Amino acid sequence: MAITKIIADSITSGAIGNTPSFQVTQSSSQTFSANTTTKITYDTEVYNVGGGFNTTNNNFTVPSGEAGKYFFYIQTQGIFTDNSTQVCGIALFVNGTQTKYTRNKREGVGTDTSFFNSSIVDLSVGDVVDARLYHSFSTSRSNDVDATVTYFTGFKLL
């Protein structure tokens with residue numbers, strides 16, 4: 001067996017590389033209530049090497065033996081803007097506590113907008129991570145259901 005095939009199979013299986021790792025998306029749009037921080041729901045796995053992400057509770061849980069530094073990226077897009085000043089924030093929560101937060105203040109923009117957060121955090125075995133969104137509109141808003149603009153990904157750094 002060629003060495004390049006062995007290496008490629010090892011990366012695909014998670015034997016070497018930044019594992020555990022995951023990427024999840026949504027199969028339908030989600031509605032976010034006004035002035036409320038809401039957990040973003042992900043029900044579609046693109047990949048889930050190591051099995052740490054659970055689409056039932058929308059959490060990543062650090063598997064046994066996998067403590068360390070992790071990189072996470074959260075992104076969503078939707079009508080979280082209009083012609084007045086509004087705030088939208090996207091956050092990484094660890095064990096139910098907001099850990100990293102990206103706040104966007106939009107003034108007079110009436111189009112779809114993408115919001116994202118990238119974070120590196122130290123995690124212990126059993127730590128639970130999720131993504132949440134907040135907006136300050138007076139009415140509920142929904143995000144776009146498009147795997148290219150709404151997703152959550154994470155992996156352990158080597």
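**Notebook: strand β1 and residue T150**

I began with confidence, since this is a predicted model: the chain averages a pLDDT of 81, and 73% of the residues score at least 70. Looking through the elements of the chain, I found the lowest mean pLDDT, 51, in helix α1 (residues 3–13), and the highest, 98, in strand β6 (residues 59–61). I keep in mind that where pLDDT is low, the predicted coordinates should not be read in detail.

Next I looked up strand β1, which covers residues 21–25. Is this strand buried or exposed? Five of its five residues are buried, so β1 is largely enclosed by the rest of the structure. I then checked the two faces separately and noted that S21, Q23 and T25 are buried on one side, while F22 and V24 are buried on the other.

I also asked which strands pair with β1. One is strand β4 (residues 44–49), which pairs with β1 in the antiparallel sense over five bridges, and there F22 has N48 as its bridge partner. Another is strand β13 (residues 151–156), again antiparallel to β1 and again over five bridges, where V24 has F152 as its bridge partner.

My last entry concerns T150, which I located in the loop between β12 (141–142) and β13. T150 has a relative accessible area of 1%, and because buried means under 20%, I count this residue as buried. The C-alpha atom of T150 is separated by 7.8 Å from that of I74, although these residues are 76 apart along the chain. I finally noted that the side chain of T150 is joined to the side chain of T76 by a polar contact of 3.1 Å.

Note on methods
Residues are numbered from 1 along each chain as its sequence is written. This is a predicted model: local features need pLDDT of at least 70, side-chain atom pairs count only at pLDDT 80 or more; totals for chains, interfaces and linings use all residues. Side-chain values use heavy atoms; hydrogens and water are left out. pLDDT is the predictor's confidence in each residue, from 0 to 100. Helices (H or I, at least four residues) and strands (E, at least two) are DSSP runs, numbered from the N terminus. Buried means under 20% relative accessible area, exposed over 50%, partly exposed in between (1.4 Å probe, protein chains only). Two strands pair if DSSP finds at least two bridges between them. A polar contact is a pair of N or O atoms within 3.5 Å; within protein, one must be able to donate a hydrogen and the other to accept it, and residues adjacent in sequence count only if both atoms are side-chain atoms.
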